[in-house]
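Colleague: Please take me through this model one question at a time. Keep the answers brisk, and show me the reasoning.

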Amino acid sequence: MVIHEHQQAAAHIRVGMIGLGRFSQFHLKCLKQLSNVKLVAAADLNESRRLETAEEWGCACYASWQEMIDTEKLDAVIVLTPEMHHVEPALAALQAGCHVFVEKPMALTEQDAERMIETAKRNKRLLMVGHVLRFDPRMLAARQAVQQGELGRIRSIYSRRNNPSRYFSLYERTNLMYILGIHDIDLQRWLTGAEVVEVFARSSSGAGNGPDLIWAMLTFSDGTIGVIENNWLIPEQAPAEMDVRMEIVGEEGSIHFQDPDQSLVFWSDHGVVHKASYIWNEAYDSYAGYIFEEMKHFYQCVRDSTPSPILLPEDAKEAVRVAEAIILSSQTGQPVRLAP
């Protein structure tokens, strides 16, 4: 793979960040702990976010991501825009010769995902998508057990990923299958090593402009049956901010997973709180967690100009394709077959 001459000579990987919303704070904390990686530019429509970031990081900030890409000499671009705006900045960055990391979902259509992959190949750039749960050591242990045959033939996988109702007003902009379910589509494919051949789904709506609950059944090419449950219905006073579970059932054993795992519980006058710390942990001004491991991996791949063996863009595209089929099924009430 060809890399820029300025990247070979530079002491730092020069990074541009597009989108300075809630999730950017995790990425910025990662940057503080990674050597030889420097934020040189950022873009966001919000002026106050731009000013704060420019002051803290000493970087150039732009209202237009296109202007940032056209003006700055960047090695890598991190795309953290809302889900429906991932494609165009990612394509522009790839065409400008930058490696790209884009948060999930990769896109909202298979066709757009394919455009991104083809553009990365044509420009000999790396493209990775933030399927961060592949860096969860518990999920990796489960996958290894399945691959090594410890459970025998896998018959079913049940996944639950339910989040607080208070976030629905923000995320109703995109179908919840792209926000919550995309994780479990990817995990179920990753765990089984099989492809989804048919889906059937039901959804329902409460307040808001779209469904806030969906159940989907997936049939895999090896006969495994997958079930995915997602909703934005966890109440304000629930003891934890999320309810994540998985059960993998084989003919010779099963694996059970739950987050939060209730190993850390706070009792106080404010109620009972279960701390979920799986994705991000802080200790003595240092940060650790799956996002940190994911981004460390991305920047190492950029430094080495080596494609990731973990975050394959083709897998991210397939997750989008399955999500599209699930949404179609939930709208029509009919099963949807996926072409090989």
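Modeller: One term comes first. A helix here is a DSSP run of H or I with at least four residues, and helices are numbered from the N terminus. Also note that this is a predicted model.

Colleague: Which residue just after helix 10 takes a positive phi?

Modeller: Most residues other than glycine have a negative phi. The loop between helix 10 and helix 11 holds an exception. Its phi is about 50°, and the residue just after helix 10 is Ser 305.

Colleague: Is Ser 305 buried or exposed?

Modeller: The cut-off for buried is under 20% relative accessible area. Ser 305 has a relative accessibility of 11%, so it counts as buried.

Colleague: Phi of Lys 124 is also positive. What is its relative accessible area?

Modeller: Lys 124 is in the loop between helix 6 and strand 6. Its phi is near 55°. Partly exposed means between 20% and 50%. Lys 124 falls in that class, because its relative accessible area is 44%.

Colleague: How far apart are the end C-alpha atoms of helix 10?

Modeller: Helix 10 has 15 residues, and at 1.5 Å a residue they should span 21 Å. The model agrees with that, because the end C-alpha atoms of helix 10 are apart by 21 Å.

Colleague: Helix 2 and helix 10 pack at an angle. Which word describes how they lie to each other?

Modeller: Two packed helices are described by the angle between their axes and the distance between the axes. For helix 2 (residues 24–33) and helix 10 (residues 290–304), the axes are 10 Å apart and the angle is about 60°. Roughly parallel needs under 35 degrees, and roughly perpendicular starts at 65. The pair is therefore oblique.

Colleague: Which residues in helix 10 meet helix 2?

Modeller: Start from the helix 2 side, where Phe 26, His 27, Cys 30, Leu 31 and Gln 33 make the contacts. The crossing is right-handed. Among the buried residues of helix 10 are Ile 291, Phe 292, Met 295 and Tyr 299. Those that meet helix 2 are Ile 291, Phe 292, Met 295 and Tyr 299.

Colleague: Which helix gives the largest share of the largest nonpolar core?

Modeller: That core has 56 residues, and Met 106, Met 116, Val 199, Leu 218 and Ile 326 touch the most other members. Its largest share is eight residues, from residues 313–332, which form helix 11.

Colleague: How many of the 20 residues of helix 11 are buried?

Modeller: Helix 11 is largely enclosed by the rest of the structure. Met 106 touches Pro 313, Ala 316, Lys 317 and Val 320, among others. The count explains the enclosure, because the buried residues of helix 11 number 15 of the 20.

Colleague: Which residue follows helix 11?

Modeller: Its phi is positive, near 75°. The residue that follows helix 11 is Gly 333.

Colleague: Which peptide bond, with omega near -5°, ends at Pro 105, and which ends at Pro 260?

Modeller: Most peptide bonds are trans. These two are cis. Pro 105 is in the loop between strand 5 and helix 6, while Pro 260 is in the loop between strand 12 and strand 13. The bonds run from Lys 104 to Pro 105 and from Asp 259 to Pro 260.

Note on methods: Residues are numbered from 1 along each chain as its sequence is written. This is a predicted model: local features need pLDDT of at least 70, side-chain atom pairs count only at pLDDT 80 or more; totals for chains, interfaces and linings use all residues. Side-chain values use heavy atoms; hydrogens and water are left out. A nonpolar core is a set of buried Ala, Val, Leu, Ile, Met, Phe, Trp, Tyr and Cys residues joined through side-chain atoms within 4.5 Å. Buried means under 20% relative accessible area, exposed over 50%, partly exposed in between (1.4 Å probe, protein chains only). Helices (H or I, at least four residues) and strands (E, at least two) are DSSP runs, numbered from the N terminus. Contact means heavy atoms within 4.5 Å. Axes are lines fitted to C-alpha atoms, for helices over the stretch in contact, and angles run from 0 to 180 degrees between N-to-C directions. Angles under 35 degrees count as roughly parallel, over 145 as roughly antiparallel, 65 to 115 as roughly perpendicular and the rest as oblique. A crossing is left-handed if the near helix is turned anticlockwise from the far one by less than a right angle, and right-handed if clockwise. The expected span of a helix is 1.5 Å times one less than its number of residues. Lists of a residue's contacts leave out its neighbours within four places in sequence.
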